[in-house]
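Colleague: Please take me through this model one question at a time. I would like each answer to show its reasoning before it settles on a value or a name.

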Amino acid sequence: MSDDGHQQGEHANVPSRQRRRFPGISSRAYEHPADRSALVALRKLSGFDTVFKALSGLLPERSLRLLFLSDSVRVSDQQFSHLNVMLRDACYILDLEKVPPMYVNQDPQPNAMCIGLDEPIIVVTTGLVELLDEEEMRAVVGHEVGHALSGHSVYRTILLFLTSLALRVAWIPLGNLAIMAIVTALREWFRKSELSADRAGLLVGQDVQASMRGLMKIAGGNHLHEMNVDAFLQQAEEYEEGGDLRDSVLKILNVLPRSHPFTTVRAAELKKWAASRDYQRIMDGHYPRRAEDKDTSVTDSFRESASHYADHVKSSKDPLMKLVTDFAGGAGDLGGRVRRGFNGFTGPAPKDQPQDQPPRDED
């Protein structure tokens with residue numbers, strides 16, 4: 001029997017609408033450059049996962065599994081069967097051999113997560129199930145399966161544990177400071193991993209409009225007749241371009257405590273990737289395979305990540321990024337530009353000083 005036939009037997013419940021499948025696909029195919037470089041580096045460290053899990057021995061993973069088993073509904077052919085079909089379909093498309101257990105948890109807040117150290121567990125809330133239609137939910141399930149394929153569940157579990165620990169030891173100044181430093185770093189990585197998982201969701205759903213609708217609903221609720229995808233994406237552009245340097249600083253402060261990027265930003269990033277050559281190549285069957293992961297170069301991965309960020313800074317319309325670009329390019333009157341930035345970055349230069357020209361030395 002062919003590989004496809006074997007997989008069809010394992011994943012018999014597949015939707016009627018034909019979707020492309022990606023046998024042996026590596027998570028490198030859809031991972032955001034920053035996410036991918038961090039993961040490749042970690043995987044290259046001999047025994048890293050073993051040491052990491054050993055140090056994480058205090059984590060109550062068995063308790064966590066028992067908690068969901070006892071106080072949530074496990075998705076199966078008998079319970080939330082439509083979600084079970086989506087889960088098996090997502091694993092079939094991304095060629096994930098072992099289907100992770102999935103639970104529905106009573107919570108009006110729309111949310112989903114993939115956690116677990118030894119094996120991933122997917123949890124979705126009732127708020128999310130009730131909010132999204134079938135195709136939108138399919139993208140979310142694909143998003144979580146993408147987390148599982150990338151190995152994100154281990155680090156997500158550590159993040160949840162450390163966040164809880166930070167609250168418990170908040171009265172110990174230095175202890176809390178050390179933990180929060182790790183939490184901040186993990187959150188920064190996890191925000192990038194969310195962009196990767198959004199791409200995985202698109203590969204599973206293969207319907208960019210459904211992905212956009214799902215993100216809009218997460219931002220604005222179940223009022224599609226009152227919302228518009230183009231207007232929603234315009235918000236992301238205004239968010240990036242708008243304001244002065246004060247707004248740029250506020251953006252950074254606003255995002256630091258979050259585990260997810262802002263929804264409009266996620267939509268814009270996904271829309272951009274869906275229109276890219278990289279996405280089209282994957283859909284045409286040209287993508288890195290898991291069998292090649294061991295040969296991945298850490299140096300090449302970091303170089304690609306650095307190149308991505310350099311291009312992002314150069315093309316960004318954010319006032320702070322503009323200032324960084326000008327500084328890197330040797331633009332003069334930096335102090336003057338900063339002062340003007342805090343009063344409107346594009347404000348006019350002083351009349352006696354041409355804009356972007358260095359001040360003349362006085363004798």
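Modeller: Let us begin with a term: buried means under 20% relative accessible area, exposed over 50%, and partly exposed in between, with a 1.4 Å probe and protein chains only. Please keep in mind that this is a predicted model, where local features need pLDDT of at least 70 and side-chain atom pairs pLDDT 80 or more, while totals for chains, interfaces and linings use all residues. Residues are numbered from 1 along each chain as its sequence is written, and side-chain values use heavy atoms, leaving out hydrogens and water.

Colleague: Thanks! What percentage of the chain is buried?

Modeller: The chain has 363 residues to count over. Of these, the buried share is 43%.

Colleague: How many helices and how many strands does the chain have?

Modeller: Helices (H or I, at least four residues) and strands (E, at least two) are DSSP runs, numbered from the N terminus. Counted in this way, the secondary structure comes to 17 helices and four strands.

Colleague: What is the order of the strands in the open sheet?

Modeller: The sheet holds four strands with mixed pairing, in the order S1-S2-S4-S3. S1 (73–74) and S3 (112–115) each have a single partner strand, so one side of each lacks a neighbour in the sheet. Reading across from one edge strand to the other, then, the order is S1-S2-S4-S3.

Colleague: In which sense do S3 and S4 pair?

Modeller: Two strands pair if DSSP finds at least two bridges between them, and S3 and S4 (residues 121–125) have four. Among the bridge partners, Met-113 goes with Val-123 and Ile-115 goes with Ile-121. The sense of the pairing is antiparallel.

Colleague: Which residue in the turn between S3 and S4 has a positive phi?

Modeller: These two strands form a hairpin, with five residues between them. One residue in that turn takes a phi of about 125 degrees, and it is Gly-116.

Colleague: Which residues of S3 are buried on the side opposite Ala-112 and Cys-114?

Modeller: S3 is covered on both faces. Ala-112 and Cys-114 are buried on one side, and the buried residues on the other are Met-113 and Ile-115.

Colleague: Which two residues have the most contacts inside the largest nonpolar core?

Modeller: A nonpolar core is a set of buried Ala, Val, Leu, Ile, Met, Phe, Trp, Tyr and Cys residues joined through side-chain atoms within 4.5 Å. The largest one here has 47 residues, and helix H5 (residues 81–93) gives the largest share, seven. A second, separate core of eight residues includes Leu-117, Val-154, Leu-159 and Phe-190. Back in the largest core, the two with the most contacts are Met-137 and Leu-203.

Colleague: Leaving aside neighbours within four places in sequence, which residue is in contact with Trp-273, Tyr-279, Ile-282 and Met-283?

Modeller: Contact means heavy atoms within 4.5 Å. The residue in question also reaches Phe-22, Ile-25, Tyr-30, Ile-93 and Leu-94. It is Leu-203.

Colleague: Just after H5, which residue takes a positive phi?

Modeller: The buried residues of H5 include Leu-83, Asn-84, Met-86, Leu-87 and Asp-89, and also Ala-90, Cys-91, Tyr-92 and Ile-93. Ahead of this helix, in the loop between S1 and H5, lies Phe-80, with phi near 50 degrees although it is not a glycine; at 29% relative accessibility Phe-80 is partly exposed. Just after H5, a phi of about 60 degrees belongs to Asp-95.

Colleague: Which three residues does Thr-263 touch, not counting those up to four places away in sequence?

Modeller: Thr-263 is in helix H13 (residues 263–274). Its relative accessible area is 16%, so Thr-263 counts as buried. Its three partners are Leu-215, Ala-219 and Phe-232.

Colleague: Last one: how far apart in space, C-alpha to C-alpha, are Gln-18 and Gln-206?

Modeller: Gln-18 is in the loop between H1 (3–10) and H2 (33–44), and at 71% relative accessible area Gln-18 is exposed. Gln-206 is in the loop between H9 (173–205) and H10 (208–220), with a positive phi near 55 degrees; at 17% relative accessibility Gln-206 is buried. The two are 188 residues apart in sequence. In space, their C-alpha to C-alpha distance is 10.0 Å.
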